[in-house]
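The following exercises are to be worked with the sequence and the coordinates at hand. Each task is followed by a stepwise solution.

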Amino acid sequence: MKRNNIKYRDEHLKGKKHIKKNKKEIFRTYFPAALSFFLLVSGLLLDLFEVSFFEGFIRLSWYILAYIPVGFPVLKNGIKNIWAGDFFTEFFLMSIATIGAFAIKEYPEGVAVMLFYTVGELFQENAVKRAKSSIKSLLDVRPNIASVWRDNRFESLHPEKVKIGEKIQVKPGEKIPLDGKLLSDKARLNTAALTGESKPRLIRKNEQVLSGAINLEGLIEIETTKVFKDSAVARIIDLVQNASARKSKTELFIRKFARIYTPIVVFAALALTFLPYFFIEDYIFNDWLYRALVFLVISCPCALVVSIPLGYFGGLGAASANGILFKGASFLDKITKINTLVVDKTGTLTKGIFKIQKVETVGIDQSKFFDYLLALESKSTHPIAKAILAEIEATTHYEVKDLKEISGKGLVGVINGKQVLAGNPKLMEQYHISFPKELEAIAASVVGLAIDNKYVGYITLADELKEDAKASLEALKNYGIKEIIMLSGDTRAIVREVAAKLDIDNAKGEMLPQDKLRELTELKKDAKRTIAFVGDGINDSPVLAGSDVGIAMGALGSDVAIDTADVVIQTDQLSKILQGIQIGKSTRYIVWQNIGMAFGVKALVLLLGAMGSAGMWEAVFADVGVALLAILNSVRLQKKKF
């Protein structure tokens with residue numbers, strides 16, 4: 001009881017400190033702008049009512065005080081950039097424009113420019129926080145405590161201190177701290193925060209469990225298989241947090257454009273100040289300097305530099321909220337250009353959950369047949385192997401030596417001094433084993449068994465189509481995907497059957513990973529194609545890497561998928577591909593809206609400013625106002641339903 005009270009008191013104190021820290025942070029963030037706003041409005045009112053004392057040094061000092069809270073950070077950044085050799089930035093433009101406004105005694109305009117710029121930055125920060133809310137939901141699932149079996153007792157440690165192979169205990173309602181293998185008979189887990197699936201998932205003994213999932217019932221024990229930094233949730237958090245570092249082509253272009261555009265603007269402003277002296281009789285320096293300052297404020301590229309990355313960041317946030325992880329803004333662009341979709345079958349179009357349909361043995365007792373089969377299949381992680389182990393309740397004590405897994409074919413090993421093969425007809429052909437040819441025509445997955453080069457029987461397993469497979473493929477075709485191609489390692493008979501059910505015209509079976517890669521290479525020779533490959537992310541990693549957009553389906557726990565794919569779909573839903581394309585298109589549309597709006601308004605007000613028809617207030621709108629509109633436009637992505 002005493003320990004619980006201490007724990008409660010510590011948590012209470014931590015909570016109070018957190019609230020206090022938040023209040024300080026809010027004050028520090030908003031106070032400068034609020035103070036500047038109060039002083040500016042007060043100054044404008046004093047100017048309006050022509051109060052006698054408010055003139056000369058007092059008026060200048062008042063507006064300098066209003067300027068410092070919002071202007072000092074901008075001046076500081078401008079000086080830092082100049083010191084680093086980067087002269088032509090938005091900070092430099094804002095600084096010379098506002099200092100110039102003070103030089104010609106347009107104090108309120110100088111303060112207003114910096115105030116509205118600061119307000120724009122605050123809007124941007126809030127918009128970014130909003131975009132990060134879905135990412136923070138991932139951070140919230142990262143556990144911070146693990147109960148580890150050490151020195152004949154369970155002790156609480158940070159997950160980073162737990163090693164591979166240690167036993168951890170998870171109570172009901174607690175988050176699983178590390179990836180591992182379930183030691184208990186079964187566990188019911190809530191994986192909603194990881195996959196978006198609201199339905200609890202039943203995990204059985206020796207199956208994989210992922211960090212971040214919540215244990216719903218009963219005390220469970222897990223043997224860790226990964227250290228904390230390599231766990232599924234830690235790696236995906238890192239992936240999403242760093243996604244914005246990979247820029248889209250549009251974003252990179254605007255950044256480069258701003259670097260060229262800014263010096264041109266500065267020299268144009270200088271020309272606007274001094275060149276009229278040679279052509280205009282009644283040249284007044286202050287008038288033309290004011291026009292040049294207006295020109296500088298209008299031409300500041302804030303709206304472009306701020307709103308475009310924010311648009312893409314909003315797209316990344318919207319995607320992660322819908323269970324789709326893009327590895328960067330560039331893939332939000334690329335996914336919109338897909339016209340050819342290449343899909344794997346097992347785990348992509350089908351559930352990847354196999355059920356045994358038939359068992360036939362030749363010259364061997366069925367129990368012994370299963371002993372040999374289970375001994376080999378227990379060493380594999382293939383979906384078919386998992387299905388066999390789950391379906392057959394018998395156990396085997398046979399030891400396997402010299403095990404070899406032949407990709408796309410099956411397993412070979414030595415059991416009781418005999419060479420044993422378990423695999424499809426292609427494996428039998430490779431080892432020159434005679435088997436009934438009708439096996440090749442069976443429209444189900446076939447696992448044949450051979451002992452010492454003699455065929456002794458087979459089992460068949462059938463997989464189910466995903467509920468949304470047909471509707472999703474039809475929707476993708478209607479949305480602009482011109483061709484859907486299925487490449488599978490399964491038998492031609494099964495592939496033909498699945499293709500017929502899903503109306504896929506181009507489908508090929510009995511393909512090894514290298515065959516799929518060769519097929520993809522052939523497709524890529526057509527420059528008009530933009531190809532996305534959708535697979536499970538393990539056997540298909542070469543094709544995922546080789547495609548224009550690699551999409552890993554339901555591959556939250558797969559290291560290879562996270563490393564290789566460009567887009568990771570956290571659930572098994574094929575419909576998420578269309579959702580990803582829609583999010584990409586919406587993001588692109590909003591970004592180009594922002595570009596058009598920024599250039600259009602700036603061009604108009606620049607022209608008016610050069611003619612003397614637009615003042616500093618119009619300039620502020622053309623810069624900060626457009627930036628605010630662009631930010632609000634980008635925020636729409638967060639509320640949009642896809």
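**Exercise 1.** At what angle do helix 14 and helix 19 pack, and how far apart are their axes?

*Solution.* The model is predicted: local features need pLDDT of at least 70, side-chain atom pairs count only at pLDDT 80 or more, and totals for chains, interfaces and linings use all residues. Residues are numbered from 1 along each chain as its sequence is written, and side-chain values use heavy atoms, with hydrogens and water left out.

Step 1. Locate the elements: helix 14 spans residues 469-478 and helix 19 residues 575-610. Helices are DSSP runs of H or I with at least four residues, strands are E runs of at least two, and both are numbered from the N terminus.

Step 2. The packing angle is about 30°, and the axes lie 8 Å apart. Axes are lines fitted to C-alpha atoms, for helices over the stretch in contact, and angles run from 0 to 180 degrees between N-to-C directions.

Step 3. The two helices, helix 14 and helix 19, are therefore roughly parallel to each other (angles under 35 degrees count as such).

Step 4. In the interface, S472, A475 and L476 of helix 14 meet S575, I577, L578 and I581 of helix 19 (contact means heavy atoms within 4.5 Å).

**Exercise 2.** Determine the strand order of the open sheet that has six strands.

*Solution.* Step 1. The order is 12-17-16-15-14-13, with antiparallel pairing; two strands pair if DSSP finds at least two bridges between them.

Step 2. Strand 12 (355-361) and strand 13 (400-406) are the edges; each has a single partner strand, so one side of each is left without a neighbour in the sheet.

Step 3. From one strand to the next, the twist averages 15°.

**Exercise 3.** Is strand 16 enclosed or open to the surroundings?

*Solution.* Step 1. In strand 16 (residues 445-451), seven of the seven residues are buried, so the strand is largely enclosed by the rest of the structure (buried means under 20% relative accessible area with a 1.4 Å probe, protein chains only).

Step 2. S445, V447, L449 and I451 point one way from strand 16, and V446, G448 and A450 the other way. In a regular strand the side chains alternate between the two faces of the sheet.

Step 3. On one side, four bridges join strand 16 to the antiparallel strand 15 (residues 418-423), where A422 stands opposite L449.

Step 4. Seven bridges link strand 16 to strand 17 (residues 454-462), also antiparallel; V447 faces I459, and G448 faces Y458.

Step 5. Strands 16 and 17 form a hairpin with two residues between them, and D452 in the turn has a positive phi of about 50°.

Note on methods
Buried means under 20% relative accessible area, exposed over 50%, partly exposed in between (1.4 Å probe, protein chains only). Angles under 35 degrees count as roughly parallel, over 145 as roughly antiparallel, 65 to 115 as roughly perpendicular and the rest as oblique.
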